[in-house]
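Student: I have a model open and some quick things to ask. Can we go through it?
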Amino acid sequence: MSGYIEAQLIILCLSIIYAYGIFLPAASGQLNLGAAGFITLGAYASAWFNASTGAELPMWLSIPLAMIFTGIIAFAISFPILRTRGVYMVLATFAFAEVVSGVAINLEFVGGAAGFPVDDHADVTVIVPVTIAVILFSFYFMSTRLGLSLRSIHDDESVATLFGVNVRTSKVVAFTVGAMLMSLGGSLYGHHYNYIEAQTFNVLLSIYILLYVLMGGTQTAWGPLIGATFFAVVPEALREIAESAGLKWLAEGRFILFGVFIVLLMVFRSEGVMTRTLQDRLGGGLFRRKKPIADDMAGGS
Amino acid sequence: MLIIQQLVNGLMLGGVYVMVAVAFTLIIGMLNFLNFTIPALFMFAAVLMYATMMGHLPFGNDLILSVFGTEYRWVAGIIVALVVIALVSLVIERFTYRYMKAKYGDATEHALPLVSSLGFLIIFEHLVVSTWGSDPLTATSPFGQGTFSIDTIIFSVPQIVSLVLSLVVVVMLSVMLKATKLGRALRAIAERPDTAILMGVEVSRIVPVVYVITGLLCAVSGILFTINYATVDAYVGDTVATVAIAGMVLGGLGNVWGAIIGGLFIGMLEVMSIYIVGADFAKLPIWGLLLVLLVFKPTGLFGHTLIGKGKF
Amino acid sequence: MTEHLLEIAGMHKSFGGLKVIDDVSFNVRRGGRTALIGPNGAGKTTIFNLLTGVYPIDAGTITVDGQDITDVPPQDRVTVGMSRSFQNIRLMPHLSTVENVMLGQHARARKLGDLLFPLGMLPRNRWRQAAEEALENAGVGTYPGEIVSNLPYGVQKRIEVVRAMVSDPKLLLLDEPAAGLNKTETNQLQELLERVSDQGVTILVVEHDMQFVRDLCDYIVVLNFGRKIFEGTPDEVHKDPAVLEAYLGTDEDAAEAENAS
């Protein structure tokens, strides 16, 4: 594998992991603009658990420990954060990420503003299998009754409650598990590049991850995979194509096209690329046991 | 004395944020959505002001030079920035709001305009990068470095003018909201969208007006930014937006006067804390406070909301 | 086993000083089909919302099957054996028909093992099969690639009833199930409800269609301005002066039904 392709693959894998972390709460309608915060927590925690100046644990222990650490923090803050709704939640998670970044910059034992070197190295043979595991886990998670509850909460919280769904518990679980996935992605980032600084995990990163998820679609587990792949691959591919074809304007302006695409997607397919109905239609016949019963009431009002 | 000087500088910096914070708060109050085209419009206006003044527009430089001469090209800059931003605002309204009718009333529908507005942010930033490059662009101020001092505190004339101007604009805006027919319609929509429609407020006509108003607020703010700080780039909106959002949250979402006080306060706090403890440390207390406010007192520090939170 | 499955005693509810439900008491006989009727704004849907815990009640008690559920939180009330449909269809728009019905099973699947069971991955699991069968029994297809809100109105109404039924309720609360249905659809719905009732499920229905009420129900409670003004059999209700006064000139449907009888 060429170095260039490998580098792109790593970026793609990390984007996918981050996106699933944002997707799980988004599937229940919670918009989390704090991805950078949880990624920072994971990256720094794993780096410290791993570092010779820290706990000196091997990477395979430091990463899960970082996930648990992030999970505990996410669980604790999920209760106040989930009091907020809509645009308030977007802003509160954004504020949380800024707070985390502010803390990381000021902690001298993890390097402070100068950044923090990470010891153990995770190469593509670690990151790709972990990414596949994350994808499979997310598909499983969304296929469970808990996943069904999350999707119901997204659609109509009060009706979900009346059918026995414990709305708050479900939301807390989605938020916490999502944070742990982002933590995993953050640790892998640190162990791959072997150097982290809080400024890398900025609001732009949070925005892009939320965009992957909303553009891919929040209804099925395909959404983040499609969204992240599309975002990570298409601009890069466009650059390659444009440069080899000598289209300088396209290479430079590809992000303009990209922005136009986002705007148009929201106009024509506002629920994202992949929806539940599209999934059913594509997978039709595969899981369908029998044809829909001919319905004599189909002509009703 | 240095502290007072820093306070003055902070107040001036806050003056730039104020209008952006008011723009954010107006859109959230009226349409219940966090509009990320606001930093884009701010930045675009600042860059247009620079480009017109310095003769770096993609076209029309000679025409402007022949009409205004080198001396008054800043006037042309103001006109170009205001007109372009007003037109662009109408386009943005079409694509972030007009097609985004709630279909199912589910929990993520309110995010659709947010996503489109991020699309616009990307478009404008890269439009500027591909036209003018990503390096900082430096303009020469048409007013020189006029300063005067009281005792030992130095005041910059353009900064004072900007601060006064932004306060005047915002006061006019809030008078407009209170006293005019348009203002009453706007508030009716913000407070009781359903009733407003029943009462015959034409929502489809009012929303573009809101967009143009907020667009012009951003434009004025961006123009003043170029005049004061002389250096702009494609990403200048992002930083300003972060601070303006902080000011808005502090004042309570949808509260115009809250946004003004919040914006000025955050500006001063920023300058002061950089002066006292360093820029990196400042983030923590500011955003910590905002997080607590958002969760436990979402109406902001002043409690009462001038224009309510609503959506159509 | 008590004779009455549902007992409402001295129920009060005010919204902002306005008394919406004022000292309402009535019982619903086990296995019976009771109708709750009254002019618009009488508080019928509010009673459903109070029963299912959408709002807490100000005073009074609600007893289901001998268990006082007044303080039971809304998400747990369905496990007591009470399930409902809605006046305005409230199916989940982004869930498939089968998934909507599987949501109805939630009350019976709240254990961790059930919550983590991959419903969507195993196409022939018992929950999915049960949901498909319930739909089939009600004469509704599964419409896999469709958006539920695009299905015909009558079909959506029946899906709501099926969704409420699969939670295995002792008491089924139906809020205007026949509203907006044509004659054929109404008859089919009535047939479905009669079958449900024959299985031993107690039905409490809010309905404006008096013909439907008379055909389906064996007991009627009448509300007006948040107060109970009558309870008795369908035959008695027409003779009651208070009911006539509440209805005449205020509700055309009822007046028409009156003329027709």
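Student: How many residue pairs are in polar contact between chain C and chain A?
Tutor: There are 18 such pairs, both residues at pLDDT 80 or more. A polar contact is a pair of N or O atoms within 3.5 Å; within protein, one must be able to donate a hydrogen and the other to accept it, and residues adjacent in sequence count only if both atoms are side-chain atoms. This is a predicted model: local features need pLDDT of at least 70, side-chain atom pairs count only at pLDDT 80 or more, and totals for chains, interfaces and linings use all residues. Residues are numbered from 1 along each chain as its sequence is written, chains are lettered from A and ligands numbered from 1 in the order written, and side-chain values use heavy atoms, without hydrogens and water.

Student: Which element gives the largest share of chain C's side?
Tutor: α6(C), with six residues. Helices (H or I, at least four residues) and strands (E, at least two) are DSSP runs, numbered from the N terminus.

Student: And how many salt bridges are there between chain C and chain A?
Tutor: Two, a salt bridge being a side-chain nitrogen of Lys or Arg within 4 Å of a carboxyl oxygen of Asp or Glu. A:Arg151 forms one with C:Glu99, the closest N and O atoms being 2.8 Å apart.

Student: How many residues of each chain are in contact?
Tutor: 57 residues of chain C touch 41 residues of chain A, where contact means heavy atoms within 4.5 Å.

Student: What area do chain C and chain A bury between them?
Tutor: About 4300 Å², with 58% of it on carbon and sulfur atoms. Buried area is the accessible area (1.4 Å probe) that two parts lose on being put together, summed over both.
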